[in-house]
Amino acid sequence: MMSFCIKCGAKNKKLINNLCEECFWSEKSIDIPSEINLVLCSSCTSYLHGKKWIKKKDFNSALNESILTELKKKLSKNILLKNIEIIKDEKIPNKIIIIVEICLENLSKKFEILGNISYKKCDYCQAVDSGKYKTIVQIRNISNEYIDKIKSIIKEFQILNGRKEITEVKEVKEGINIKFMSVSKARLFARKISSITGAKIVETAKTIGFTKGEPNYVVTISVRLPLKNIGEIISLENNIYRILGVVKGKILVQNLETNKRILLDYDKIEKAEKIEFKKVRIESKKGRFVTLLDVDNKCFIDIPLEEIQKDLKEGDYGLLINFKGKEIVVKI
Ligand SMILES: [Zn+2]
Ligand SMILES: [Zn+2]
C-alpha cells in the first residue's frame with residue numbers, strides 16, 4: 001500500500017500520525033527561540049538565574065547550566081531536551097551557537113540557537129571589589145614560632161574555588177586582621193590556625209546597620225594564641241607579669257611590680273595582652289632623668305626618674321615597657 005503524508009502528499013517518507021516529518025514538526029508549531037541571552041560573571045564562575053547568581057565549579061558548568069535554565073523557561077513542558085552542543089568561537093567570546101536536540105513523541109530534531117553572553121560582575125564579586133566584608137578574623141599573640149605557618153595558611157585561603165575569599169590582610173600592632181567574604185570560610189580558617197597553635201576562638205556578631213529592613217552583620221572571630229612563651233611580658237587585670245615557665249599545667253608568672261611569683265591557669269592567660277618591651281641598661285641616674293641604653297638598638301633613651309623601679313642602679317639591666325601609655329622600667 002502506498003503511504004503518503006496527508007498534509008503535503010509526500011510519498012515514500014517515514015510517517016508519524018500520517019504526517020511526514022516536516023509536516024509533523026510544522027503541525028506541532030513548537031516555539032523554539034532563535035536566540036537566548038545568558039549572563040555570566042566576569043570574575044568568577046557564576047551565572048545569573050532570574051535575579052539570583054548561582055556559582056558553579058567551573059566556567060563550562062556555569063555556561064551549560066545557564067543554557068539549560070534559559071531553554072527550560074522558553075520550551076513547553078512536553079518537549080524533552082535530549083542533547084545540547086555548544087560551538088564556540090574564541091574570537092567572539094560573547095556569541096555561541098547552541099545545537100539543541102529535542103524530543104517529542106519519540107521523534108527528535110536538532111535546532112540551532114544563538115546564545116548571546118553578557119558578562120557582569122556577580123553580587124559577590126562586586127562586594128569583593130567594593131571592599132565590603134562580612135567577617136574579620138583577628139589573630140592575636142602571634143609568636144615567631146607560628147608566624148610563617150599562619151602566613152602560609154592565609155595564602156591558602158586567599159582564593160577558594162576560583163573566588164576571592166580574603167579581601168584584606170592587615171598587620172597591626174596586636175597581630176593580624178584578615179577580612180573574609182564569608183563567615184563559613186573564616187571559621188574554617190580559624191579552626192585551621194587553632195588546630196596548629198592551640199589558639200582559642202571567640203566569635204562575636206555585631207549589627208552595623210540595615211539594608212531593606214534586614215540587618216547587616218559583621219562577625220569578628222578572635223583567634224588568640226596561648227601566651228606561654230617563656231620571657232614574654234603580659235598584662236592581666238592591671239598587673240604586669242613575666243612568664244617564667246610551665247609548672248604542672250599552669251603558667252608560672254612573676255609580677256614585675258611586686259616580684260611575687262604566682263601560678264595562673266591557661267584560661268586566665270588567654271585573656272592576657274602581650275606587652276612589647278625593650279631590654280635596657282641603666283647608664284646614668286642623676287637628677288630627675290635616667291639615661292637608658294637600648295641594648296638591641298644601641299641608642300640612648302631618657303626617661304623621668306619616677307618611671308624606673310627604685311632598686312635599679314647604674315649598670316643594672318631592665319625591661320622598658322610601655323604599659324597603658326606610660327613607660328616603666330622593671331628589673332630583670
Ligand atoms: Zn508532509
Ligand atoms: Zn562573580
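# Exercises on a predicted model

Asn 238 sits in the loop that links β16 (233-236) to β17 (239-247). Strands here are DSSP runs of E with at least two residues, helices are DSSP runs of H or I with at least four, and both are numbered from the N terminus. The model is a predicted one, in which local features need pLDDT of at least 70 and side-chain atom pairs count only at pLDDT 80 or more, while totals for chains, interfaces and linings use all residues. Residues are numbered from 1 along each chain as its sequence is written, and chains are lettered from A and ligands numbered from 1 in the order in which they are written.

## Exercise 1: two asparagines

Task: Determine the sign of phi at Asn 238, and decide whether this residue is buried or exposed.

Solution.
1. Asn 238 is not a glycine, yet its phi is positive, at about 70°.
2. Most residues other than glycine have a negative phi.
3. A residue is buried if 20 or more other C-beta atoms (placed from the backbone) lie within 10 Å of its own, exposed if 12 or fewer, and partly exposed in between.
4. Asn 238 has 8 C-beta neighbours inside 10 Å, so it counts as exposed.
5. Asn 17, in the loop between β1 (15-16) and β2 (19-20), also is no glycine and has a positive phi, of about 50°.
6. With 9 C-beta neighbours inside 10 Å, Asn 17 counts as exposed.

## Exercise 2: overall dimensions

Task: Compare the radius of gyration of the protein with that of a compact globule of 332 residues.

Solution.
1. The radius is taken over C-alpha atoms, and the globule rule is 2.2 Å times the number of residues to the power 0.38.
2. The rule gives a value near 20 Å, whereas the protein has 35 Å.
3. Along the principal axes, the C-alpha atoms fill a box of roughly 125 × 40 × 40 Å.
4. Of the 332 residues, 22% are buried.
5. The protein contains six helices and 25 strands.

## Exercise 3: helix α5

Task: Check the span of α5 against the expected value, then work out which of its residues are buried.

Solution.
1. α5 covers residues 183-197, which is 15 residues.
2. The expected span is 1.5 Å times one less than the number of residues.
3. From first C-alpha to last, α5 reaches 21 Å, close to the expected 21 Å.
4. Its buried residues are Ala 186, Phe 189, Ala 190, Ile 193 and Thr 197.
5. These residues lie on the same side of α5 because they cover an arc of only 95° around the axis; the arc is that of the directions from the helix axis to the C-beta atoms.
6. Ser 184 and Ser 195, on the other side of α5, are exposed.
7. Gly 198, just after α5, has a positive phi of about 75°.

## Exercise 4: the surroundings of Ile 166

Task: Locate Ile 166 and list its contacts beyond four places in sequence.

Solution.
1. Ile 166 belongs to strand β12, which spans residues 166-172.
2. Two strands pair if DSSP finds at least two bridges between them.
3. β12 and β13 pair antiparallel over six bridges, and a hairpin of two residues joins them.
4. Val 169 is opposite Ile 178 in β13.
5. β13 (residues 175-180) also pairs antiparallel with β9 (residues 135-140), over six bridges; there Thr 135 has Phe 180 as its bridge partner.
6. Ile 166 counts as buried because it has 22 C-beta neighbours inside 10 Å.
7. Contact requires C-beta atoms, placed from the backbone, within 7 Å; Ile 166 has such contacts with Ile 154, Phe 157, Gln 158, Ile 178, Lys 179 and Phe 180.

## Exercise 5: a five-stranded sheet

Task: Trace the open sheet of five strands and name the edge strands.

Solution.
1. The order is β23-β22-β21-β24-β25, with antiparallel pairing.
2. β23 (299-304) and β25 (326-331) are the edges: each has a single partner strand, so one side of each is left without a neighbour in the sheet.
3. Neighbouring strands are turned by 40° against each other on average, direction ignored. Axes are lines fitted to C-alpha atoms, for helices over the stretch in contact, and angles run from 0 to 180 degrees between N-to-C directions.
4. β21 (residues 277-286) and β22 (residues 289-294) are joined by six bridges, including the one between Ile 282 and Leu 292.
5. Two residues separate β21 from β22 in a hairpin, where Gly 287 has a positive phi of about 70°.
6. Five bridges link β21 to β24, and Val 280 stands opposite Gly 318 in β24.
7. β24 (residues 317-323) pairs with β25 over six bridges, and Leu 320 stands opposite Val 329 in β25.

Terms used: Two residues are in contact if their C-beta atoms, placed from the backbone, lie within 7 Å.
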